[in-house]
Structures are given as C-alpha cells and as structure tokens.
Protein chains: 2
Amino acid sequence: MALTERKKKILAAVVAEYIRTAEPVGSKTIAQTAGLGCSSATIRNELSELVSMGYLEQPHTSAGRVPTPQGYRIYVNELMQRQRLSLEETEAINASLNERLSQLDDIVSNAGALAASLTNYPAMAIAAPPPATIKRFDLIYIDANTFIIVAMMSNDTVRNKLVHLPVSVGQDMIQRLSSVFNANFTNITEERISPLTIRAAERAVDDTMGLTGVIASFAIEILSEAQAAETCVAGANRLLSQPEFRDPAKAHALMSYISDAEHIKNLPEVYDVDGEGIKVLIGPDNVAEELKDSSVVLASYDMGDDTRGLIGVVGPTRMDYSAVAAKLGLIARALSERLGGGSAPPKGLDNKLIIKEDTNGQHEQ
Amino acid sequence: MALTERKKKILAAVVAEYIRTAEPVGSKTIAQTAGLGCSSATIRNELSELVSMGYLEQPHTSAGRVPTPQGYRIYVNELMQRQRLSLEETEAINASLNERLSQLDDIVSNAGALAASLTNYPAMAIAAPPPATIKRFDLIYIDANTFIIVAMMSNDTVRNKLVHLPVSVGQDMIQRLSSVFNANFTNITEERISPLTIRAAERAVDDTMGLTGVIASFAIEILSEAQAAETCVAGANRLLSQPEFRDPAKAHALMSYISDAEHIKNLPEVYDVDGEGIKVLIGPDNVAEELKDSSVVLASYDMGDDTRGLIGVVGPTRMDYSAVAAKLGLIARALSERLGGGSAPPKGLDNKLIIKEDTNGQHEQ
DNA sequence: CTTGGCACTCTCGGCCCTCGAGTGCTAATA
DNA sequence: TATTAGCACTCGAGGGCCGAGAGTGCCAAG
C-alpha cells in the first residue's frame, strides 16, 4: 500500500517529535502539533496502519509509537524538509571554518573537530590521498657528519629528514647520492624500490657506509605514508549527552569502537560515498556490528589533487538528520571551495603567494 | 595521635580492598584477609578510631568504611607496597614500547596512548620543549615559480615549506635571500623578528615581491610552534569502565574536561613534577574544579635536549595507585633511556646511523 | 586490651498497588 | 465510507512497605 498524503504527514510528525524528545509519541500529541484537522482517534487508526506497514513500532502495548529504521529511511529520503540553517548559524559555521582552516596544518583532524563541535555528535574525517611519487630529491650538506634529505612529492608536499653519521662524508659523495637518487628513484611507486635497485644505486655511488639504504628507506617510508589514509575521530565524548547512551556499557562499547581510527578506516560503507551527495546510514544499514544501533551521516568534499575527503558523524538512530545533513553539507561545500577546484588558485587569492607546506618536527635516534 | 603499626596495616587493608572491589569494606573482611590475629570486634574499634582521625569514612551508619583523600594519601606515601610488575607484564610493556616507539613519529601521542592502554585509565602526555632557534636556512630552487624553504632548528629538527610564486624569480635572488636570512635570522628567538628587521632584509636583497615576508613569517611560525607545548589525551573512553562513572553526567563532565588538550595544557600542577619522581594528586589536591573527585598520577621522563616530557593518568580516587605508579614509572624510565642521556648516542647503536627526522606533509593554499 | 554477644541501623531488593498515558474497539455520525 | 466520541483495557513508572542481610556500636566478661 502506498503512503497517503496524510500518512506521510503523520509519519513525519512522529519522527520529528521523537527526534526532539526521545520519547514514544502518542496520537494526541500528533493531533495537536501536526495541524491536520482530525481527531486523535483518526490518527490512531493511521498510526496502527503505519505500524503494520513497518514504519513505526510500539515499545509496548500502551506506549506511543517510535520510528523503525524503515521509518527513518522514508523520513530522510522523502519527508524531511531540508533544514534551512538560520543566518546566524551559517555565519557561525563560516566563522569557525575560517578560524580553524586558516592554520591549514591538518585538514583531516580540523574538519573532524569542526563537524563534531557543530553537530554535537562524535565526528570522523578520512582522506585517502591518491598515490604520490617523489618528484625530486635534494641533499643538503651540513657538515662532515650531517646532511638533510629533502624530498619533494608529486602532490606538492615536501618531506625531510636529518641524518647524523658516525663517519665523515664528503660533499662530493652527497652530490653523487643526490644525482643517483634523482635519476633512479623519482616518479616511481613504493613497490618499484627493491633491494636490487638499492644495491645498484649503492654500487653506482660507491657507497660502503649504507647511506644509500638510509635514503632509500626514507623514500619508502614517505611513499607508504603518503598513500595511507589519514583518519581522525573527534568529540567521542559527545555521545554521552545522548539519552540513548545513558547505559554506560552501551556508551563504552560504541565509544571504544569509534575512538579507534583503525575501525573507521576499515568501514567499507565509507568508501562509496558518491560525489557531492550526503549519505545517511541508518541502524542496520551499517555493516559493522557495533554500529547496528546507530546512524552515520557522511559527506564528501573535494580536497583538490583529485582527492576526495570525507567527514561523517555518528549518533543514535534518533539523530537530527536534517540539521546534521545541513551542517555537514555546509562544511563539505566550504571545504571543497577552499581546497578543491583542481590546481586553479582559489579566487581572491590571485595576487597572493600560494603556498603548500610541510611542517612538524620530531626526533629520532 | 600517631598511627600504630596495626592501624597502618588495617588502613592499608581497607584501601587495598576498596580499590579492588569499589565497595565499602567491613570489619569482618579485614579480620579475614589482613591476617593480623585479632577479631573483627577489635578491628571495629580500630576502624572507628581511623574514622575519627580522618582517614576513613562511612557512607552511612551501617556500611563498611571507605578511604578519605587523606587515607589515600597515607596509603600512597607510606603504606602502599611498591608493586613489582610480574615478568610477563614487564615484557609486555617493553614489547609495546618497542613496537610503538620504533616509529618515533610523535613521541607525545605515542606515550599517551601507551600509558592509556597499559593502565586502562585515560592518559595524557605533555612535552614543553625548551626554546629553539633556527640554526640555518636553505632555499632550494625548483623552477622560476617555485622554491622550498628548509630550516634546520637548534633542536635538530628540520622544517620545510614549499612556496609557489605568481611571478618569476631568478636563482640569484634565491641565493641572496638565503644568505641574508642566514646572516640575520639564525640563532634568534621569535620576538627578535620584527617588521623592522624584515624591512631591513627586504632592502638588503632588493625584494619587491614580498618574498622576504614569506620566509620571515615561516620563521616566526615554526619558532612559535617549536615552543608550544605538545599535548595529547588518549583513551578517554576508558573512564566508562570505572564503576564510579556509571552516572553518564559525571562521566561526560570529566571526559569533556580531559578530552580538551587546552585544559590539560593549563593545569598548573602539571608543571612542577620534579625529576624522576612520580607525583600523585588525590581528589582535592587537584586545582581544577573538574578533577576534585578524581586522581591524577604523573611521571616525567627525559626527552633529551634538556627537555622533560610528562605522562599522566586520570582516574577515580579509587585508582590502583601502585599498579599505575609502577607502570608509569616503567614507561618513563624506558622513554628516558631511549630519548635522554644528553647527546651521547644510546648504547648498542654505536655503529648504526643516528637519525633525527621530521616528517608529515600538508597542504596550504 | 581483646573478644563474644547482642541490639540497632541502614540499604537493597522484591512485592504490591495506584496512577496515568495511550491504545484498540465499538457504535454513532456526517 | 471515513471520522469521531466514548470506554474498557493494558502496561510501565513510581511510591510505599517489608524482610533479609551486612555492618556497626556498645557492653560485659576474659
């Protein structure tokens, strides 16, 4: 049986009210709020049909109705009115975006943190960059025992490493190493670097001190890092403000699950979000057992370099889909605008320097 | 009144048992477990004195005893036997350490994650590095529109930035910029870089395109970043496995507090942990209102370069202090061994290359 | 000083009851 | 045929009551 117009209105009202209050919704409430001119008895009849159609259910005989996952599905796909964010909200979001993204240190984790703070649900962000290669090596000679490897990558990031040597090395050797690596180790993928090619390079520069190996392993390391998906999870604690996680055991289970970036990285559903769209996974839609009682909303954005980034939010099935979708959509669009658009410089920056950078200093022995 | 030997034993038994079970401890339990040959009636007398001395309290008249913060204090300072970690545990910890720290990407967050997973409490890690300066600039000319800035810092990390120019620049200009910056902007702190000095440099190289400003702002940026304390919080969700956080409101409050690195960074108590010691802050010892019901255990370790790092753990006052102290101590010692010891290379590595590195690539427009 | 004994206190869990929200059904009505 | 008012029914939440059990404090005897 198809949904009559009135059934749709009633279903929408039930879902909206349940999202608001987290309590089963009764016929009387709907008669009052939904504003269709009929009595609660009529609504009751409709409700019980919606139950038998599988869109609603009753926790027990004398309780109100609660949406089923199918009910949410219909709501999300057809009934929900696209929430128009108020001007203030849009402003606020843009302000946060500007503030957070001015220091573009780590887009992934910033996008995640932003989504979490705007939606008040735990958020995650993923970026799986396209395979990168090294475009060019530079070896900077510091002193007889020290040099720096600088590698410029095909995606225009730069990586470096400081090498201290227990033995002395001449500037000429550094020179030779540099040209051999530029000749043989640029524009190739990780798997093309083999012990064989390394031995060959070693012989070519007459290296008896293992320098070739050091540079090669640095190359391997940054190549494999460059293709690893970056993930971040932010604001997991926000789960606790949701009444459905009043039970600490439940809360703990889900929080532990989503707090582990490995889990997120391995979610298959994450990898088929199409283009600009927003994807909503409701309860059992989720593949992971731990998420079967929760919902996930995902939005993708253009990171430039043919990369798409993904931001998402996790919450109870009783999630405020329309607000979340609106906010994620806004963030995704804003990010696409800022980062995307191929290699053309973003408007308004034409006469400024365009900079890609690599930062962060660490130690290693 | 001083604590008699027997009172000490009884107090220790109460605290230990309460830590184990999270339930008030009765006189009978102690008579049986503590193994001092006297009856529960005797213990009762002693217990009530311990109550009037302020080391124990009763939730209600007919319940067992629970330690007060002062009780924990005495326990931690005098009564607790230093837990000897079993061989397996030590092995396990060392194994994790080796695995996690082999990729020394980010010591701070790795140390935090490690402490959390070993103790099963939320953990935090902080490192406030000593002020660093730039030792040397290298500008790598890529093409007429592109160059890379490489800055080697006094703490032997290397930072870099890729600069795209909307105009063409000759290799000679890059050359000149490099020598001016090496002459005027090395070995100085951030505040010594002023608009004035930048203007001077600009004139010196005859720069009309703002290149000087770009390099100078990069210098400012990395100098200020280098002196910012790095912080990380890991495993906040572990709080939920503690019975004292069965109440979601409490759990949420504390989790939100500790999940925010800014809060952690600003904890004053964090900054006066002396040398090798382990510091235990019990309930009201904490300055932050949010931590008054919880305890914090802190251990510091030597990161080399005269820097001390800090790892800590947050939990209910009913924390297993002796296990936590033992584990944090072990981690701190292991880290000190690996990272510390001034600039002398760690033993066993003498004939290997010693490497300090800087990695991580990012974008900026 | 210690200890067995005993009365007392307080919490916890189970049980019962009432209250109220909400339903489903029926019969009357438009 | 669709709607509605009315009414009996169901079920859970909350409150009060009670008994069991754990633990205490005190007393008098060893």
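Start with chain A: buried residues make up 52% of its 365 residues, where buried means under 20% relative accessible area, exposed over 50% and partly exposed in between (1.4 Å probe, protein chains only). This is a predicted model, in which local features need pLDDT of at least 70 and side-chain atom pairs count only at pLDDT 80 or more, while totals for chains, interfaces and linings use all residues. For finding your way, residues are numbered from 1 along each chain as its sequence is written, chains are lettered from A and ligands numbered from 1 in the order in which they are written, and side-chain values use heavy atoms, with hydrogens and water left out.

**Chain A as a whole**

Colour chain A by secondary structure and you should find 12 helices and 11 strands. Helices (H or I, at least four residues) and strands (E, at least two) are DSSP runs, numbered from the N terminus. Among contacts in chain A with a separation of 6 or more, 60% are between residues 24 or more positions apart; a contact means heavy atoms within 4.5 Å. Switch on the surface: its accessible area is about 16300 Å², and 48% of that belongs to carbon and sulfur atoms. These areas come from the Shrake-Rupley method with a 1.4 Å probe, and for residues only the protein chains shown count as cover.

**Stop one: Ser27(A) and DNA strand C**

Now select Ser27(A), in helix 2 (residues 27–33) of chain A. Is Ser27(A) buried or exposed? Ser27(A) counts as buried because its relative accessibility is 12%. Leaving out residues up to four places away in sequence, Ser27(A) touches Ser40(A), Ile43(A), Arg44(A) and Leu47(A). With Arg44(A) there is also a side chain to side chain polar contact at 3.4 Å. A polar contact is a pair of N or O atoms within 3.5 Å; within protein, one must be able to donate a hydrogen and the other to accept it, and residues adjacent in sequence count only if both atoms are side-chain atoms.

Bring up DNA strand C next. A polar side-chain atom of Ser27(A) sits 2.7 Å from one of its phosphate oxygens, while an N or O atom in the side chain of Arg44(A) is 3.1 Å from a base nitrogen. Over on chain B, a polar side-chain atom of Thr61(B) lies 3.3 Å from a phosphate oxygen of DNA strand C.

Zoom out to the 21 residues around this strand; Ser27(A), Arg6(B), Thr42(B), Thr61(B) and Ser62(B) come nearest. A residue is near a molecule or strand if one of its heavy atoms lies within 4 Å of it. Which element gives the largest share of this surface? Helix 3 of chain B does, with four residues. By class, the surface has four nonpolar, 13 polar and four charged residues. Here Ala, Val, Leu, Ile, Met, Phe, Trp, Tyr, Cys and Pro count as nonpolar, Asp, Glu, Lys and Arg as charged, and the others, Gly among them, as polar. On the DNA side, 76% of the strand C atoms within 4 Å of the protein belong to sugar or phosphate.

**Stop two: DNA strand D**

Swap to DNA strand D, with 22 residues around it, of which Thr42(A), His60(A), Thr61(A), Ser62(A) and Ser27(B) come nearest. Measure from Thr42(A): a polar side-chain atom is 2.3 Å from a phosphate oxygen. Ser62(A) has a polar side-chain atom 3.1 Å from a base oxygen, and a polar backbone atom of Ala63(B) is 3.5 Å from a sugar or linking oxygen. Helix 3 of chain A gives the most to this surface, with four residues.

**Stop three: strand 5 of chain A**

Select residues 146–153 of chain A, which form strand 5; eight of its eight residues are buried. Thr146(A), Ile148(A), Val150(A) and Met152(A) lie on one side, with Phe147(A), Ile149(A), Ala151(A) and Met153(A) on the other.

Add strand 4 (residues 134–143), which runs antiparallel to strand 5 and is joined to it by eight bridges; two strands pair if DSSP finds at least two bridges between them. Asp143(A) has Thr146(A) as its bridge partner, and the two strands form a hairpin with two residues between them.

Then add strand 6 (residues 158–164), antiparallel to strand 5 with seven bridges. Look for Ile149(A) opposite Lys161(A). This hairpin has four residues between its strands, and Asp156(A) in the turn has a positive phi of about 65°.

**Last stop: Thr186(B)**

Finish on Thr186(B), in the loop between helix 7 (171–184) and helix 8 (195–205) of chain B. Its side chain reaches the backbone oxygen of Asn182(B) at 2.8 Å.
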